[in-house]
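Please open the model in your viewer and keep the sequence panel beside it, so that each selection can be followed in both.

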Amino acid sequence: MKAETYPFVARPLPYEYDALIPVLDAETLTFHHDRHYKTYVDNLNAALSDYPELQKMSLKELLISLDRLPEPVRTAVKNNGGGVYNHELYFDSMQSPAGQDPSGELAEAIDRDFGSYRQWKEQMKQAAVGKFGSGWAWLVADREGKLSICQTSNQDVPDLKEYTPLFLVDVWEHAYYLQYQNRRADYVEAWFGLINWRKAGKRYEERAV
Ligand code: MN
């Protein structure tokens, strides 16, 4: 499939707005997807509108080339391109709370690299709850398949040349404030029940090597 390029189009949610209840209510998800995410898409397109050479690049190409982009557009692409990338992966990494567990190669890698699912979850929770300010906590795989947890600030992405992101959790207040107010830890704990492990396992098996 050819990678999408400018003008980027907001992707619909891969489930209904009420599909993640009770973890995320429909109002939270509607604001998050229809307003916040959509704004990043619009602002990314606006930033690229005067740069025909950048309009041929995929989102990932833009994000791994930030240092080489024209200076006037670099920050806008970093913030809004990152915002698009991060939200698309976030929404696509969740599903109706079904109590699914990791399986297959990814489950084995979690045991190998973190000791156990329980230990992984504790570290992932620390990364998400402990992220100061707005940002994200990620589970990523390197080219050898080694897993690690990382945090990014604002709409920054990990090094996409070296790492394949498997999923991430949004800890900007807009992701949870309507439903959880300031209780980020409660949101993060509940979010674990939304992880789409089947898609994460597929991303792991298809990672760049
Ligand atoms: Mn968000």
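In which loop does N154 lie? Bearing in mind that this is a predicted model, select the loop between strand 2 (147–153) and strand 3 (164–170), where N154 is located. N154 is not a glycine, yet its phi is positive, at about 55°, and with a relative accessibility of 41% this residue counts as partly exposed.

Move next to the loop between helix 6 (177–180) and helix 7 (184–191), and pick out Q181 there. Q181 likewise is not a glycine and has a positive phi, of about 50°, while its relative accessible area of 32% makes it partly exposed. As background for both stops, most residues other than glycine have a negative phi, and most peptide bonds are trans.

Now go to the segment before helix 1 (26–48), in which P7 is found. Y6 and P7 are joined by a cis peptide bond, with omega about -10°. P22 is also found in the segment before helix 1, and the bond leading to P22 from I21 is cis as well, with omega near 10°.

Finally, turn to the largest nonpolar core, which has 65 residues, and select L24, Y90, W120, L147, F167 and Y187, the members that touch the most others within it. At least three residues of this core come from each of domain 1 (26–92) and domain 2 (104–205). To follow one member outward, centre on Y90: leaving aside residues up to four places away in sequence, Y90 touches L24, H32, W136, L168, V169, D170, A175, Y187 and W191.

Definitions and conventions:
Residues numbered from 1 in each chain as written. Predicted model: local features only at pLDDT ≥ 70, side-chain atom pairs only at ≥ 80, totals over all residues. Heavy atoms only, no water. Core = buried A, V, L, I, M, F, W, Y, C linked by side-chain atoms within 4.5 Å. Buried < 20%, exposed > 50% of the residue type's maximum accessible area, 1.4 Å probe, protein only. Domains from an automatic or database assignment. Contact = heavy atoms within 4.5 Å. Helix = DSSP H or I, 4+ residues; strand = E, 2+ residues; numbered from the N terminus.
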